[in-house]
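Hi everyone, thanks for coming. I'll put a structure up on the screen, and then we'll go through it together, starting with one small piece and working outwards.

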Amino acid sequence: MNTTLIQKYNIPGPRYTSYPTVPFWDAKGIAINDWKETAKRAFDESNAEEGISIYIHLPFCESLCTFCACHKRITKQHNVETPYMETVLKEWDLYCELFETKPRIKEIHLGGGTPTFFAPKNLEHLINGILDKAEKAEGFSFSFEGHPNNSSKAHLQTLYDLGFRRSSFGVQDYDPVVQKAIHRIQPFEKVKEVTDNCREIGYESVSHDLVFGLPFQNEESIRKTIKHTIELKPDRLAYYSYAHVPWIKGVGQRGFDENDLPKDDEKRHLYELGKQLFFEAGYVEVGMDHFALPSDSLFKAMKNNTLHRNFMGYSAGKTKLMVGLGMSAISDSWYAFAQNEKTIEDYTARVKKNKLPIFRGHLLTPTDLIIRKHILNLMCNLETEWNLGLSTKIKQEIIGRLSEIIEDDLIKITPNKIIVKEAGRMFIRNICMAFDLRLIENKPDTRIFSMTI
Ligand SMILES: C[S@@+](CC[C@H](N)C(=O)[O-])C[C@H]1O[C@@H](n2cnc3c(N)ncnc32)[C@H](O)[C@@H]1O
Ligand code: SF4
């Protein structure tokens with residue numbers, strides 16, 4: 001591990017789950033008619049062949065984990081479920097009115113917050129409500145995020161019966177000291193139980209989320225966490241870099257301070273250690289922060305160059321249109337992004353008025369579309385071709401910005417391609433930043449991003 005390079009390149013930077021990244025979306029926002037037009041265009045161009053994806057944001061959690069940067073609402077009152085679901089179904093109706101033919105659904109992903117906060121019968125009502133107005137596309141793939149502490153056998157069976165075959169569980173860390181600091185008591189037995197239950201029911205892929213860089217983590221605690229993880233052999237693993245962003249409203253990162261966090265090179269060491277232990281256990285690194293067994297569809301997608309990256313991280317498939325339903329959900333029509341209202345109250349009020357609850361968005365320019373493709377190629381395939389249409393001037397400027405990265409032997413530039421070397425993989429966010437014209441033109445004056453390494 002090269003400590004000097006880590007110190008040099010560990011700067012605030014985007015994770016590139018989209019391009020342009022959300023803070024650089026057009027400050028004027030997107031006109032609702034522009035959003036509708038691009039959504040309709042993407043639908044017409046792709047529904048018959050590949051189908052569309054739906055992301056449903058289910059924001060409730062019973063207890064706050066004090067490291068969490070997701071959009072969530074903490075409550076123990078389960079009477080919030082029904083009104084929320086009805087609003088989501090109403091929002092879906094608004095989209096179905098916009099489309100002229102029946103949607104064919106290729107992917108549904110339930111994210112959160114905690115989808116398994118909802119009672120199984122409510123999840124059934126929600127998914128059936130979506131499917132009532134649509135049909136499943138060939139090779140459809142449905143997945144959900146569950147909390148191990150509340151994903152009962154009934155949840156898992158209900159979702160399986162509805163067609164869900166991939167599950168993903170937040171684990172984060174098994175060490176009691178870390179769990180206490182992040183206010184998330186998460187016994188190994190509970191994770192084992194849900195993982196075993198999924199396998200018994202017939203789920204094709206079980207994924208675990210782990211996070212490195214959490215308070216009080218050290219080499220010994222990470223070794224134990226990974227030993228437990230390998231015992232359960234999840235098909236996929238997300239090994240996220242802890243994003244410390246306490247300045248963002250509503251994240252609730254507290255209960256520890258910066259001194260309790262592993263420092264830059266210590267933190268990177270925890271990643272490298274995890275990576276080595278995952279390799280030894282037969283996992284392969286996929287893109288950034290992800291690992292998969294060679295039998296998993298994410299690995300196959302990487303081999304076939306069909307890996308995609310979106311707001312949820314990496315996915316094995318891509319559709320041109322992704323409709324995001326629920327508070328704070330982001331939709332993507334390839335030509336534009338649109339984000340829903342970030343509070344349940346504002347979201348509900350807009351939908352009740354029969355309006356799509358978009359509060360901000362971005363219509364991509366022709367240059368944005370090219371850069372988007374480059375960044376996706378780099379994040380997913382670790383290389384990109386120059387022939388996507390950038391002007392020679394912009395290309396030369398990008399190469400200029402990459403000069404130190406080239407000198408440090410982290411990438412190779414040929415007349416046709418830019419290829420990330422193995423040593424450059426950990427600096428992939430920095431490499432993408434050289435392409436990020438929006439970031440370069442509007443250097444942020446406050447810290448809005450987590451650190452790149
Ligand atoms: C919606 S949660 C997963 C489902 C469920 N709520 C749970 O916690 O088990 C999504 C995942 O995002 C990751 N995550 C949340 N906050 C993060 C942060 N600040 N830095 C890195 N990863 C984070 C965690 O690994 C978490 O499991
Ligand atoms: S980590 Fe999961 S359960 Fe914890 S607050 Fe975040 S979304 Fe909720």
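Okay, let's start with strand β19, residues 417–420. One face of β19 is covered, and that's where you find Ile418 and Val420. The other face, with Lys417 and Ile419, is uncovered. Before I go on, keep in mind that what you're looking at is a predicted model.

So which strands does β19 pair with? One partner is β17, residues 383–385, and three bridges join β17 to β19. The two run antiparallel. If you want a spot to look for on the screen, find Glu385, which stands opposite Lys417 in β19. Remember, Lys417 was one of the residues on the uncovered face.

The other partner I want to show you is β18, residues 411–413. Again we have three bridges, and again β18 and β19 run antiparallel. Here, look for Ile411: it stands opposite Val420 in β19, and Val420 belongs to the covered face. How many residues does the hairpin between β18 and β19 go through? Three residues make that link.

Now let's jump to another part of the chain, Gly255. You'll find Gly255 in the loop between β8, which is 236–241, and α9, which is 264–280. Is Gly255 buried or exposed? Its relative accessibility is 67%, and the cut-off for exposed is over 50%, so Gly255 counts as exposed. Then there's Pro215, which is 40 residues away from Gly255 along the chain. In space, the C-alpha atoms of those two are separated by 9.6 Å.

Alright, let's zoom out. Overall, the protein has 16 helices and 19 strands. Its radius of gyration is 21 Å, and the globule rule gives 22 Å for 453 residues; those are close, so this protein is as compact as a globular protein of that length. If you drew a box around the C-alpha atoms along the principal axes, it would be roughly 55 × 50 × 40 Å.

What about the inside? Of the 453 residues, 57% count as buried. And if you take contacts between residues at least 6 apart in sequence, 73% of them join residues at least 24 apart.

On the outside, the protein exposes about 19,200 Å², and carbon and sulfur atoms supply 51% of that. Last thing, charges: there are 59 positive and 60 negative ones, and their mean positions are 2 Å apart.

That's my tour. Any questions?

Notes:
Residues numbered from 1 in each chain as written. Chains lettered and ligands numbered in written order. Predicted model: local features only at pLDDT ≥ 70, side-chain atom pairs only at ≥ 80, totals over all residues. Heavy atoms only, no water. Helix = DSSP H or I, 4+ residues; strand = E, 2+ residues; numbered from the N terminus. Rg over C-alpha atoms; globule rule 2.2 N^0.38 Å. Buried < 20%, exposed > 50% of the residue type's maximum accessible area, 1.4 Å probe, protein only. Contact = heavy atoms within 4.5 Å. Areas by Shrake-Rupley, 256 points an atom, 1.4 Å probe, with all protein chains shown as cover. Lys, Arg positive; Asp, Glu negative; His and termini not counted. Charge placed at Lys NZ, Arg CZ, Asp CG, Glu CD. Pairing = 2+ DSSP bridges.
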